[in-house]
Protein chains: 2
Amino acid sequence: MSLRILLADDHQMFRHALRALLARDPELEVVAEAASGEEVLAIADAQPVDLVCMDIAMPGMDGIEATRRLLARHPALRVIGLSAFADRQFVTDLLAAGARGYITKGEAGDELLRAIRTVCEGRSYLCPEVAATVADALRDSPGVYAAAPRLTARERQVLQLIAEGLTSVQIGDRLHIAASTVEVHRRNLMRKLDLHNVAELTRYAIHSGISPNVTPGGAG
Amino acid sequence: MSLRILLADDHQMFRHALRALLARDPELEVVAEAASGEEVLAIADAQPVDLVCMDIAMPGMDGIEATRRLLARHPALRVIGLSAFADRQFVTDLLAAGARGYITKGEAGDELLRAIRTVCEGRSYLCPEVAATVADALRDSPGVYAAAPRLTARERQVLQLIAEGLTSVQIGDRLHIAASTVEVHRRNLMRKLDLHNVAELTRYAIHSGISPNVTPGGAG
DNA sequence: TTCGCACTACCGGTAAACCGGTAGTCCAAA
DNA sequence: TTTGGACTACCGGTTTACCGGTAGTGCGAA
């Protein structure tokens, strides 16, 4: 019996590469691809899926919120998170959302295959770097861990757009909310993360993987 | 006859890792380490060095400017550039400064050993990703290439500090110049790169490798 | 039901970014 | 010698970021 897999990542090339990688195991069948959290939910509602390989950095609804909603509707689903870096905040958030595995894109492809097999057996799998991150988070006193700055879905969405260079007015237009509301989210982000300007927010967004590390496009 | 190597990178851990890597070849002897461009010049003036492994992202004088000045004083020296990404601008700038090799940190360690051996034989060595970048730069018409936005040493320095979240006043204090002068460099950067806010400058700095991709420090 | 949280939205204010211009010195290349 | 680039520095202005507060709605948990 093959495993029906949904690939969720905003980069088509990466999805194709993953598809090629997973093709090495005849037991694994990629039945669909999604480029955003909204697409993931729509596809999972429309056809049977066993496992989702979910990038946390996607435009619109990100991987964390998508995982939360996905598992609320389809509790039997298994989710494996993917991101460029093992940021403590996003690792713990995604695991709290119900993901069974988490590996960084820096790992070898075999790591993903191992994660899929392990997760299918009902166990969890974290790549070494992520495992160390989680261990660090737990070691730094459970109290602090519980009180750690947890970003809301809206805050992550705003953070993503700030890191793309949009102004509060532009973000408001994009999300169909007032610019003043965007400013509130911006201030809450800075307070929670103890960062105080756009440059630091952008660095955090890129490092945490919520925003892809690509060259900005310029005005053209 | 062993090869006297100088390692230049602002991260001690990376220098140590490189040292361990190079120790696998008994012909290679790491005779010194530097954490900035200024240190590289001082060391090369004080003791004989055959080859420099130079990170382009260093605080103060970066690897490009350091390579330019280094080769002006010691033309027989060989320089191999290292960076996190194969940004077109910085690759071409470093090669124009006289570097004989360029590899990204994403490559395996064997790639660096191969580069060192090749460069010592008097030939140039570029890792595949960098080679492709250079090819692209040349293919996109020599005219455009010549007219490409070339950043000055001072501009790269200012860009680095902008990406760290410093204000123009703070950057001016750090570099011992007026804040108004920093604003000029900032505007020239934005004009040359066709970017128009701190977020995009920060993305560019991180992606190009001039600024390390680390989590911002908070107010601490 | 009450409480907390997320999300929404506004007020006012200061600091900084962003945009345009002019202008001097220094140095190296033409 | 002249020209051009890099670096320095200032003038003016508008927009946005940043910081502090208040406040209403809806929703889910205690």
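In this predicted model, Leu6(B) sits across from Val52(B), a residue of β3(B). The two strands involved, β1 (residues 3–8) and β3 (residues 51–55) of chain B, run parallel to each other and are joined over 4 bridges. Helix α2 (residues 37–46) of chain B packs on this sheet and touches β1, β2 and β3 of chain B. The direction of α2 makes about 130° with that of β2(B).

Zooming out, the sheet of chain B is an open one built from 6 strands, with parallel pairing and the order β2-β1-β3-β4-β5-β6. The edges belong to β2 (28–34) and β6 (125–126) of chain B; each has a single partner strand, so one side of each goes without a neighbour in the sheet. As for what holds such an arrangement together, strands of a sheet pair through backbone hydrogen bonds.

A few helix residues are worth a look too. His16(B) is part of helix α1 (residues 12–22) of chain B. With a relative accessibility of 41%, His16(B) counts as partly exposed. Its C-alpha atom is 9.3 Å from that of Glu33(B), a residue 17 places away along the chain. Thr202(B), in helix α11 (residues 198–208) of chain B, is another story: its relative accessibility is 0%, so Thr202(B) counts as buried. Leaving aside residues up to four places away in sequence, Thr202(B) touches Ala199(A), Thr202(A) and Arg203(A) from chain A, plus Ile162(B) and Ala163(B) from chain B.

Over in chain A, helix α4 (residues 88–96) has a run of buried residues: Gln89(A), Phe90(A), Val91(A), Thr92(A), Asp93(A) and Leu94(A). After α4(A) comes Gly98(A), which has a positive phi near 115°.

Then there is the DNA. Strand C has 19 residues around it, and the nearest are Thr152(A), Arg154(A), Ala178(A), His185(A) and Asn197(B). Of the atoms of strand C that come within 4 Å of the protein, 57% belong to sugar and phosphate. One phosphate oxygen of DNA strand C lies 2.3 Å from a polar side-chain atom of Thr152(A), and a phosphate oxygen is also found 3.0 Å from a polar backbone atom of Val198(B). The bases get some attention as well: an N or O atom in the side chain of Arg187(B) is 2.9 Å from a base oxygen of DNA strand C. Helices α8 (153–163) and α10 of chain A, along with α10 of chain B, each contribute at least two residues to the surface near this strand. That surface is made up of 7 nonpolar, 8 polar and 4 charged residues.

DNA strand D is surrounded by 18 residues, the closest being Asn197(A), Thr152(B), Arg154(B), Ala178(B) and His185(B). Here sugar and phosphate make up 58% of the strand's atoms that come within 4 Å of the protein. A polar backbone atom of Ala178(B) is 2.5 Å from a phosphate oxygen of DNA strand D, while for the side chain of Thr181(B) an N or O atom lies 3.0 Å from a phosphate oxygen. On the base side, Arg187(A) has a side-chain N or O atom 2.9 Å from a base oxygen of DNA strand D. At least two residues of the surface near strand D come from each of α10 (179–193) of chain A, α8 (153–162) of chain B and α10 (179–193) of chain B. By class, that surface holds 6 nonpolar, 8 polar and 4 charged residues.

Key
Residues are numbered from 1 along each chain as its sequence is written. Chains are lettered from A and ligands numbered from 1 in the order in which they are written. This is a predicted model: local features need pLDDT of at least 70, side-chain atom pairs count only at pLDDT 80 or more; totals for chains, interfaces and linings use all residues. Side-chain values use heavy atoms; hydrogens and water are left out. A residue is near a molecule or strand if one of its heavy atoms lies within 4 Å of it. A polar contact is a pair of N or O atoms within 3.5 Å; within protein, one must be able to donate a hydrogen and the other to accept it, and residues adjacent in sequence count only if both atoms are side-chain atoms. Ala, Val, Leu, Ile, Met, Phe, Trp, Tyr, Cys and Pro count as nonpolar, Asp, Glu, Lys and Arg as charged, and the others, Gly among them, as polar. Two strands pair if DSSP finds at least two bridges between them. Contact means heavy atoms within 4.5 Å. Axes are lines fitted to C-alpha atoms, for helices over the stretch in contact, and angles run from 0 to 180 degrees between N-to-C directions. Buried means under 20% relative accessible area, exposed over 50%, partly exposed in between (1.4 Å probe, protein chains only).
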